[in-house]
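These are my notebook entries from an afternoon of looking things up in one structure. I wrote down what I looked for and what I found, entry by entry.

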Amino acid sequence: MNKQQNVLIIGAGLCGSLLALRLGQRGYNVTVYEMRPDLRKVDISAGRSINLAFSDRGNKAMKLVGLEDKVKALCIPMNGRMIHDKGGYTFLSNYSGRDYEYINSISREDLNALLLNEAEKHDHVTIHFNKKCQSVDFENTTAIFKDYKTNNEFVEDADIIIATDGAGSSMRKSYYLGKKFLFSFSQYYLTHGYKELSILPTKTGDYKTYKNALHIWPRGAFMLIALPNLDGSFTVTLFLSYDEGKYNFNNLNSPEIVNEFFEKEFPDALAIMPNLTDDFFKNPTSPLGTVKCSPWHYKGNTLLMGDAAHAIVPFYGQGMNASFEDVVEFDKVLETHKNPISESDWETIFKTYENSRKKDTDAIADLAIDNFHEMKEHTANPIFQKKRKLEMALEKYFPEDYSSKYALVTFNEDIGYREAMLKGRAQDKAILNMLADGDITTDIDMTKENLKSVLENIKTETEAILEDDRIAGLK
């Protein structure tokens, strides 16, 4: 191991702390600077973070660093979506027909704290808090930081700099402003924002509604979701337009109108949220944006990773999982190079990593926006529900031969997001077209024998759509 090379990581969030841990395990000298206070000592959530859905791609990273069991202890399994209609009726739509496939609710704070603790067990990993990166000199691999406690600025030098400082990345801004190479950048915001709310536990610490599900109140133009926490509470998130529709974030400006809105749209949620208006006016309304950019690296000096390279909206539950998978894929490339690594080697490593990774992060960004519309509209649509019923049966009886788009993305960690997207979209199109045309139906006994021919028809139609996509250059 080459312990002489110094790696500077900007940002000690989930991606940065995992990367620090893995590079520490590999023997690098790692210094991490984080602009926020240490979340293990100060509560910094303040309603700004959406609960996390931890799944197979994220767990692949935990296996890599030997933390699978410790992370599992922080998880609450969610087997499916619990759909709530306006009348208060519910039904559970499982994520998979295979009962061993499910996602997990996990606390961002608890997971981040675990990764920080594990990273700091390595003598050559040092993490500093309350120090904001002002800019990066990517030619000379130095960064300017401001100490929030002293207000002093200082310069940090390193052999390489990796920025994991989120959607507002200082290094990505330095790339953009530097104009020393061809850097492309796009930022796209949904017209909707989000506000975090809560369902508190009962006086005895129990859950007020079903624990092992991701709860959704789909209402077409907006929705409410809720994820369980270990303490018996639920983290609730309202996704709503800023200025469109009868109710929006701009006109929900009094306790009376907030209660009126929830009484009309989410009465069963309101009944277990006596703290609604307190949460609503205490917590901020935050935007939902997608960031794409390229290149992620400059020579062998600097690299963007995680949300700094590819921020996405949260509707596939893959933001954290994608960032964790970044570390896994980066580690695979590192494994192919022997130490000591030269500057030219780092350039090859960064280039190889981006070439293999970017197509997949672009794909999950697009899928997350697709799922936004699916969750708020399509989950309550009868033809969508028929499709899900059929897919659950196919996954149950033909577990090796069929996976829905959701399962391909969420539970098939050995295929890339782009491959999962292309195949999943083709399957969706095939099934919806065949249901609409009457070529297949859910009005049959869902037995293995009856479903054999249905599966073959879906496979044939899916392959035809994929072939059309290949001809059109979408492969």
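**Entry: the largest cavity**

I began with the residues that line the largest cavity, and I sorted them by class: four are nonpolar, four are polar and seven are charged. I kept in mind throughout that this is a predicted model. The lining has 15 residues, and I noted E374, F384, K387, R388 and Y406 as the ones that lie nearest the centre of this cavity. For the volume of the largest cavity I wrote down about 110 Å³.

Which element gives the most to this lining? I found that α12 does, with four residues. I also listed the elements that each supply at least two residues to the lining of the largest cavity, and these are the strand β6 (90-94) together with α11 (343-376), α12 (382-397) and α13 (405-410).

**Entry: the second largest cavity**

How many cavities of 30 Å³ or more does a search of the whole structure find? The search finds two, and I turned to the second largest, which holds about 40 Å³ of space. I could write out its lining in full, namely A12, E34, R36, P37, L39, I44, N112, L116 and F129. By class, the lining of the second largest cavity has six nonpolar residues, two charged ones and one polar one.

**Entry: helices that pack on each other**

As a reminder to myself, two packed helices are described by the angle between their axes and the distance between the axes.

I went back to α12 and looked at how it meets helix α14, which covers residues 417-437; their axes come within 10 Å and cross at roughly 115°. Angles of 65 to 115 degrees count as roughly perpendicular, and that makes α12 roughly perpendicular to α14. The crossing in which α12 passes α14 is right-handed.

I then looked at α11 and its packing with helix α10, residues 319-335, where the angle is about 140° and the axes are 10 Å apart. That makes α10 oblique to α11. Here too I noted the handedness, and α10 passes α11 in a right-handed crossing.

**Entry: the second largest pocket**

Next I looked up the second largest pocket, for which I recorded a volume of about 370 Å³. Its lining has 16 residues, and those nearest the centre of the pocket are D56, N59, E68, Y102 and N104. Two elements give two or more residues to this lining, and they are α2 (56-65) and α3 (68-72). When I divided the lining of the second largest pocket by class, I had six nonpolar, three polar and seven charged residues.

**Entry: a sheet that shares N104**

I had already met N104 among the residues nearest the centre of that pocket, and I found N104 again in β7, as the bridge partner of F54. Strand β7 covers residues 103-106, and three bridges join it to β3, with the two strands running antiparallel. Three strands make up this open sheet, in the order β3-β7-β4 and with antiparallel pairing. Why is one side of β3 and of β4 left without a neighbour in the sheet? β3 (52-54) and β4 (76-78) stand at the edges and each has a single partner strand, so one side of each has no neighbour there. From one strand to the next, the twist of this sheet averages 40°.

**Entry: another open sheet of three strands**

I followed the order β9-β10-β11 in an open sheet whose three strands pair in the antiparallel sense. The strands at the edges are β9 (131-137) and β11 (153-157), and each has a single partner strand, so one side of each lacks a neighbour in the sheet. The twist here averages 30° from one strand to the next. Between β9 and strand β10, residues 142-147, I noted six bridges, and the bridge partner of K131 in β10 is D147.

**Entry: the partners of β13**

Last, I looked up strand β13, residues 184-199, which is joined by nine bridges to strand β17, residues 285-294, and runs antiparallel to it. As an example of this pairing I wrote down S186, whose bridge partner in β17 is K292. β13 also pairs with strand β16, residues 234-241, over eight bridges and again in the antiparallel sense. In that pairing, K195 stands opposite L238 of β16.

How values were computed: Residues are numbered from 1 along each chain as its sequence is written. This is a predicted model: local features need pLDDT of at least 70, side-chain atom pairs count only at pLDDT 80 or more; totals for chains, interfaces and linings use all residues. Side-chain values use heavy atoms; hydrogens and water are left out. Two strands pair if DSSP finds at least two bridges between them. Axes are lines fitted to C-alpha atoms, for helices over the stretch in contact, and angles run from 0 to 180 degrees between N-to-C directions. On a 1 Å grid over the protein atoms alone, a cavity is a set of points where a 1.4 Å probe fits but cannot get out, and a pocket is an open set with protein on both sides within 12 Å along at least five of seven lines; lining residues have an atom within 4 Å of a point. Grid points are joined across faces, edges and corners, and a volume is the space filled by probe spheres set on the points. Ala, Val, Leu, Ile, Met, Phe, Trp, Tyr, Cys and Pro count as nonpolar, Asp, Glu, Lys and Arg as charged, and the others, Gly among them, as polar. Angles under 35 degrees count as roughly parallel, over 145 as roughly antiparallel, 65 to 115 as roughly perpendicular and the rest as oblique. A crossing is left-handed if the near helix is turned anticlockwise from the far one by less than a right angle, and right-handed if clockwise.
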